Amino acid sequence: MRFYFSAKKFCHFKVFIERHMSKNKDIACAFNVSESIKGEKLIYPAATRNSEPILQVLKRFIICDIDKIEDVSPIFLEIASGSGQHLFHFAPYFPGVKFQPSEIDENLFGSITYYAQTCPTKNMLPPLLLDIRNKLNCYGIDDNSIDYMYSANMMHISPYECTVGLFENAGQYLKTDALMITYGPYSKDGVITPQSNIDFNAALKAREPSWGIRDINDLIKLGEENSLSLIDTVEMPANNKTLIWKKN
Ligand SMILES: C[S@@+](CC[C@H](N)C(=O)[O-])C[C@H]1O[C@@H](n2cnc3c(N)ncnc32)[C@H](O)[C@@H]1O
């Protein structure tokens, strides 16, 4: 069964969401349809808005000082890179870290590659074609080899199998004590707040029943099954959160 939506359908969904949601909701959704189909540099308005707040959180958790980095550069693997804007924004602030974007949608590779090639510090790698439901060794990644994993706005806009795949892969492929950072809207104790997130969740489910805002309690259980502990929850603009997970 193929869960994934084509880029074209996904773009139409993004336009649908943009029209139906309040203007200040931070959803990675609003961009020009023709741009995405051409696969050129994309600018997602939500990514433009949230890149800097997320960077401020990353600065608290990622080793920035190049002198403190050992001989081999730490690897920061992004799952579901979308346009590629996030890593383009982050990479210059961590010149000793290698940023590896990845995506299931090859139509986004033109945009991600554009950002990788124009990254001033040259530490953003070309994108990997990667479906997070597969084991990362399918892509040549070794167990216990990744220093940071990062995924923004994927869990709620994909079937739950993708969330399970994200946690299973983080548990297996992150080094001990390494971090996974996830960003997006989340519910807590089964309660979604505020109303804009309730409406967003309803719109997601109306579009595709297997999509929807994930509950932090379910994620904590998934973390426990995969040797990952939630060590911090950071409130972000537009009713999103950044969750910091540590591999035990
Ligand atoms: C809402 S976009 C988020 C893009 C970007 N992270 C951001 O925040 O702007 C969700 C992304 O998840 C990707 N995606 C969906 N299913 C996936 C899977 N099974 N494996 C990897 N990526 C997937 C989609 O192709 C899409 O680019």
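## Buried and exposed

A residue counts as buried if 20 or more other C-beta atoms lie within 10 Å of its own, as exposed if 12 or fewer do, and as partly exposed in between. Keep this in mind as you explore the structure above, which is a predicted model.

Helix α5, residues 109-118, is a good place to try the idea. Its buried residues are S111, I112, Y115 and A116. Viewed down the axis of α5, these residues fall within an arc of 135 degrees, so they line one face of the helix. The face turned away from them carries the exposed residues Q117 and T118. What do the buried residues of α5 pack against? Their partners are α4 (85-90) and β3.

The spacing of such residues follows from the helix itself. An α-helix has 3.6 residues a turn, so residues three or four places apart point the same way.

## A second helix with a buried face

Helix α8 covers residues 216-225, and its buried residues are L219, L222 and G223. Looking down the axis of α8, you would find them within an arc of 105 degrees, so here too the buried residues line one face of the helix. K221 and E225 sit on the other side of α8 and are exposed. The buried residues of α8 pack against a helix, α6 (160-173), and against the strands β8 (214-215), β9 and β10.

## The sheet

Now turn to the strands. Strands of a sheet pair through backbone hydrogen bonds, either parallel or antiparallel. In this model, an open sheet of 6 strands runs in the order β2-β1-β5-β6-β10-β9, and its pairing is mixed. The edge strands, β2 (98-100) and β9 (228-236), each pair on one side only. From one strand to the next, the twist averages 20 degrees.

Helix α3, residues 45-61, packs on this sheet and touches β5 (146-152), β6 (174-184), β9 and β10 (240-247). The direction of α3 makes about 160 degrees with that of β6.

At the β2 edge, β1 (residues 75-79) pairs with β2 in the parallel sense over 3 bridges. Which residue of β2 is the bridge partner of L77? That partner is Q100.

At the other edge, I231 belongs to strand β9. Is I231 buried or exposed? With 11 other C-beta atoms within 10 Å, I231 is exposed, because the limit for that class is 12 or fewer. Setting aside residues up to four places away in sequence, I231 touches I244, W245 and K246. I231 and K246 are 15 residues apart along the chain, and their C-alpha atoms are separated by 6.5 Å.

## The nonpolar core

The largest nonpolar core holds 49 residues. Which residues have the most contacts inside this core? They are Y148, M149, A170 and M180. Strand β6 gives the core its largest share, 6 residues.

Y148 shows how distant parts of the sequence can meet. Leaving aside neighbours within four places in sequence, Y148 is in contact with I62, P74, F76, A178, L179 and I181.

## A buried proline

P101 lies in the loop between β2 and β3 (102-103). Why does P101 count as buried? It has 30 C-beta neighbours inside 10 Å, and 20 are enough, so it belongs to the buried class. Beyond its neighbours within four places in sequence, P101 is in contact with E78, S81, G84, L87, I112, A116, M124 and P127. Two of these names may look familiar: I112 and A116 are among the buried residues of α5. The C-alpha atoms of P101 and H86 are 9.4 Å apart, while 15 residues separate the two along the chain.

## Unusual backbone angles

Most residues other than glycine have a negative phi, and most peptide bonds are trans. The model has some exceptions for you to find.

N144 is not a glycine, yet its phi is positive, at about 50 degrees. It is found in the loop between β4 (128-129) and β5, and with 11 C-beta neighbours inside 10 Å it counts as exposed. S227, also not a glycine, has a positive phi of about 60 degrees. This residue lies in the loop between α8 and β9. With 16 C-beta neighbours inside 10 Å, S227 counts as partly exposed.

Finally, a cis peptide bond joins T193 and P194, with omega about -15 degrees. P194 is in the loop between β7 (186-187) and α7 (195-207).

Key. Residues are numbered from 1 along each chain as its sequence is written. This is a predicted model: local features need pLDDT of at least 70, side-chain atom pairs count only at pLDDT 80 or more; totals for chains, interfaces and linings use all residues. Two strands pair if DSSP finds at least two bridges between them. Helices (H or I, at least four residues) and strands (E, at least two) are DSSP runs, numbered from the N terminus. Axes are lines fitted to C-alpha atoms, for helices over the stretch in contact, and angles run from 0 to 180 degrees between N-to-C directions. Two residues are in contact if their C-beta atoms, placed from the backbone, lie within 7 Å. A nonpolar core is a set of buried Ala, Val, Leu, Ile, Met, Phe, Trp, Tyr and Cys residues joined through C-beta atoms within 7 Å. The arc is that of the directions from the helix axis to the C-beta atoms.
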